[in-house]
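Open the model in your viewer and keep the selection tool at hand. This tour moves from stop to stop, with a short note on what to find at each.

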Amino acid sequence: MFTKAIARKPGRSLICGITSAEGLGKPDYEKAVSQHEAYVRALESCGVEVEVLEPSEEFPDSCFVEDVAVLFAEAAVITNPGAPARNAEKELIVETIRKHYQTIERIEEPGTLEGGDIMQDGKTFYIGVSERTNQEGAMQLKSIVEKYGYQARLVPVCEVLHLKTGVTLFPDGFLLAGASFGNDAAFDGSVRHFVPEEEAYAANCLLVNGKAIVPSGFPKTLEVLKNRGYDIIETDMSEFRKIDGGLTCLSLRF
Ligand code: CIR
């Protein structure tokens with residue numbers, strides 16, 4: 001059960017965020033701000049108190065707070081983002097994390113790790129090894145979570161930015177996945193559903209206190225999730241999608 005979340009309002013510099021989706025155009029700042037407000041309301045409707053931090057113009061991608069920390073019951077981990085332009089964002093979040101956590105661990109050089117590559121399912125952490133999270137960073141996080149009684153499984157990530165860009169594991173064992181996670185043994189035991197290519201963005205859902213926040217505009221995936229009986233909240237993510245941002249990356253939940 002999550003009771004709190006941290007988000008950061010996008011700054012005007014958002015239009016300069018890192019992207020692999022240039023074809024979608026630049027984000028519209030005003031629209032992004034209202035989408036962000038709607039996102040915060042969606043989290044609040046799941047029973048979570050959201051602290052919204054001030055924008056940082058210096059870091060265009062800093063609204064994606066999920067990438068700079070990994071939070072779990074016993075400790076917080078400040079990450080070491082693998083994107084050079086984002087690396088110093090980790091220092092921006094420390095003061096806020098200190099308000100909530102006494103035990104703070106860190107991913108240290110030469111390890112790199114971004115929170116978008118980390119998916120927790122009960123006592124298991126899935127750790128994506130991607131262009132942003134290297135093997136060393138993944139092994140450091142594995143050692144940290146093992147100290148607190150969790151297990152960790154490493155998952156190779158290719159074709160997508162982060163692990164959670166391409167997969168969502170529901171608590172009932174249902175795995176919503178993009179095609180590149182087809183046969184990964186890390187997820188053996190789950191019931192897999194592959195999103196169609198044109199709906200690949202919908203593989204990233206945000207699960208909060210029994211509800212599933214999903215991006216609007218992906219009718220096939222929505223139908224599948226509705227048929228499974230999930231309690232769904234749709235929200236428009238069009239402006240964040242233009243800079244590779246998904247639902248999970250806009251907040252830290254704890
Ligand atoms: C980046 O490339 O780092 C940002 N433009 C998007 C980050 C998305 N974060 C996430 O999926 N956890």
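**Stop 1: helix α2**

Select the buried residues of α2: Glu89, Lys90, Ile93, Val94, Thr96 and Ile97. Keep in mind that this is a predicted model. Now show the strands that these buried residues pack against. They are β1 (4–8), β2, β3 (69–71), β4 (76–78), β5 (104–106) and β15.

Stay in helix α2 and pick Glu89. Is Glu89 buried or exposed? Its relative accessibility is 4%, and the cut-off for buried is under 20%, so Glu89 counts as buried. Show its surroundings next. Leaving aside neighbours within four places in sequence, Glu89 is in contact with Phe59, Asp61, Ser62 and Val68. Then add Arg86. The side chains of Glu89 and Arg86 are joined by a polar contact of 2.9 Å.

**Stop 2: the ligand**

Arg86 leads on to the ligand. A polar side-chain atom of Arg86 lies 2.9 Å from a ligand oxygen atom. Select everything around the ligand. How many residues surround the ligand? There are 14, and the closest are Ile18, Asp61, Asp67, Arg86 and Ile243. Asp61 is thus among the closest residues to the ligand, and Asp61 also touches Glu89.

Look for two further contacts. Arg132 places a polar side-chain atom 2.9 Å from an oxygen atom of the ligand. At Ile243, turn on the backbone: a polar backbone atom there is 2.7 Å from a nitrogen atom of the ligand.

**Stop 3: salt bridges**

Show the charged side chains. The model has 16 salt bridges in total. Three of these pairs follow, beginning with one from α2.

Select Lys99 and Glu51. They form a salt bridge, with the closest N and O atoms 2.7 Å apart. Lys99 sits in helix α2 (residues 89–100) and Glu51 in strand β2 (residues 49–53), so the pair ties together parts 48 residues apart in sequence. Lys99 is exposed, at a relative accessible area of 55%. Glu51 is partly exposed, at 23%.

Go next to Lys220 and Glu198. Here the closest N and O atoms of the salt bridge are 2.6 Å apart. Lys220 belongs to helix α5 (residues 219–227), while Glu198 is in the loop between β11 (191–194) and β12 (206–208), so the bridge ties together parts 22 residues apart in sequence. Lys220 counts as partly exposed, with 48% relative accessibility.

Now pick Glu239 and Lys31. Their side chains meet in a salt bridge at 3.6 Å, N to O. The pair links distant parts of the chain: Glu239 is in helix α6 and Lys31 in helix α1 (residues 29–44), 208 residues apart. How do the two ends compare in exposure? Glu239 is buried, at a relative accessible area of 2%. Lys31 is partly exposed, at 41%. Add Lys242 to the selection. Salt bridges that share partners join Lys31, Glu239 and Lys242 into one network.

**Stop 4: Leu250**

Move along the chain to Leu250. Where is Leu250 placed? Look in the loop between α6 (238–241) and β15 (252–253). Leu250 is buried, and its relative accessible area is 0%.

Show the residues that Leu250 touches. Not counting those up to four places away in sequence, they are Ile6, Ala7, His36, Tyr39, Cys63, Phe64, Val65, Met237 and Phe240. Then draw a distance from Leu250 to Glu66. Their C-alpha atoms are separated by 6.2 Å, although the two residues are 184 apart along the chain.

**Stop 5: a three-stranded sheet**

Finish with β6, β7 and β8. These three strands form an open sheet in the order β6-β7-β8, and the pairing is mixed. Which strands stand at the edges? They are β6 (118–121) and β8 (151–156); each has a single partner strand, so one side of each is left without a neighbour in the sheet. On average, neighbouring strands here are turned by 20 degrees against each other, direction ignored.

Zoom in on β6 and β7 (residues 124–129). They pair in the antiparallel sense over four bridges. For one last selection, choose Gln120, which stands opposite Phe125 in β7.

Conventions. Residues numbered from 1 in each chain as written. Predicted model: local features only at pLDDT ≥ 70, side-chain atom pairs only at ≥ 80, totals over all residues. Heavy atoms only, no water. Pairing = 2+ DSSP bridges. Helix = DSSP H or I, 4+ residues; strand = E, 2+ residues; numbered from the N terminus. Axes fitted to C-alpha atoms, helices over the stretch in contact; angles between N-to-C directions. Buried < 20%, exposed > 50% of the residue type's maximum accessible area, 1.4 Å probe, protein only. Contact = heavy atoms within 4.5 Å. Salt bridge = Lys/Arg side-chain N within 4 Å of Asp/Glu carboxyl O. Near = heavy atom within 4 Å. Polar contact = N/O pair within 3.5 Å; in protein donor to acceptor, adjacent residues only side chain to side chain.
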